[in-house]
Amino acid sequence: MITPRVLAALMVGVAAGGTGCATSSALIDAESARTNTHTVLAFEETVFNRHRVEEGFERYVAPDFRQHSAVLPDNREGSISALSRLLSSDYPASRVAVENTVAQADLVAVQLVWDQKPGQSPAVAKVDIFRLQDGRIVEHWDVTQSVADSHAGH
């Protein structure tokens with residue numbers, strides 16, 4: 001016969017076991033988000049600060065990458081080609097400065113300022129959103145606004 005005291009002890013054990021699983025799952029998710037953030041930041045640095053577009057895509061982007069930007073082709077090769085032209089001819093001195101990152105599971109958002117022509121034109125405020133799978137970037141979305149526009153009305 002199971003006494004109330006034994007039943008209570010069993011319930012505490014089950015609850016503690018469940019909490020351990022939830023804690024382990026949360027730790028795994030947090031570690032995954034942290035690793036994904038490092039991958040995205042390395043991609044941003046390689047492509048937009050070092051201007052090594054092909055290297056950035058080779059190291060950090062999956063072959064089946066999808067681009068959801070309004071200004072870039074929606075596939076990997078088209079994005080590489082367009083970004084290479086953009087960074088070598090239009091914005092050869094450009095730099096990005098990361099201001100904030102937010103990550104959850106396989107998504108990483110990066111708030112940054114892209115100084116396209118340092119000292120010549122206003123910078124651009126951007127939010128890049130990446131989805132990663134197996135440690136590689138598989139999708140990208142972005143929102144862009146002139147820094148001058150972002151301070152209007154303040």
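## A guided tour of the predicted chain

Start with the whole chain in cartoon view: its secondary structure comes to four helices and five strands (DSSP runs numbered from the N terminus, with helices being H or I of at least four residues and strands E of at least two). This is a predicted model, in which local features need pLDDT of at least 70 and side-chain atom pairs count only at pLDDT 80 or more, while totals for chains, interfaces and linings use all residues. Residues are numbered from 1 along each chain as its sequence is written, and side-chain values use heavy atoms, with hydrogens and water left out.

Trace the cartoon along the sequence and you will read α-α-β-α-β-β-β-β-α. Now switch on the surface: about 9,400 Å² is accessible, and 57% of that belongs to carbon and sulfur atoms (Shrake-Rupley method, 1.4 Å probe; for residues, only the protein chains shown count as cover).

**Stop one: the strands.** Select β4 (residues 124-133) and β5 (residues 136-146). These two pair in the antiparallel sense over ten bridges; pairing here asks that DSSP find at least two bridges between the strands. Pick V127 and you will find its bridge partner, V143, in β5. At the hairpin, two residues sit between the strands, and D134 takes a positive phi near 55 degrees. Next add β1 (residues 61-67), which runs parallel to β5 and is joined to it by three bridges. Here R66 has E139 of β5 as its bridge partner.

**Stop two: the core.** Of the chain's 154 residues, 30% count as buried (under 20% relative accessible area, with exposed over 50% and partly exposed in between; 1.4 Å probe, protein chains only). Show the side chains of F43, F57, W114 and I137, which touch the most other members of the largest nonpolar core, a group of 24 residues. Such a core is a set of buried Ala, Val, Leu, Ile, Met, Phe, Trp, Tyr and Cys residues joined through side-chain atoms within 4.5 Å. Among the elements giving two or more residues to this core are α1 (4-49), α3 (76-90) and β3 (107-115).

Centre on W114 next. Beyond residues up to four places away in sequence, W114 touches partners including F48, L86, Y91 and V124, a contact being heavy atoms within 4.5 Å.

**Last stop: a loop residue.** Move on to Q116, in the loop between β3 and β4. Is Q116 buried or exposed? Q116 counts as buried because its relative accessibility is 14%. Leaving aside neighbours within four places in sequence, select Y91, A93, S94 and V124 to see what Q116 is in contact with.
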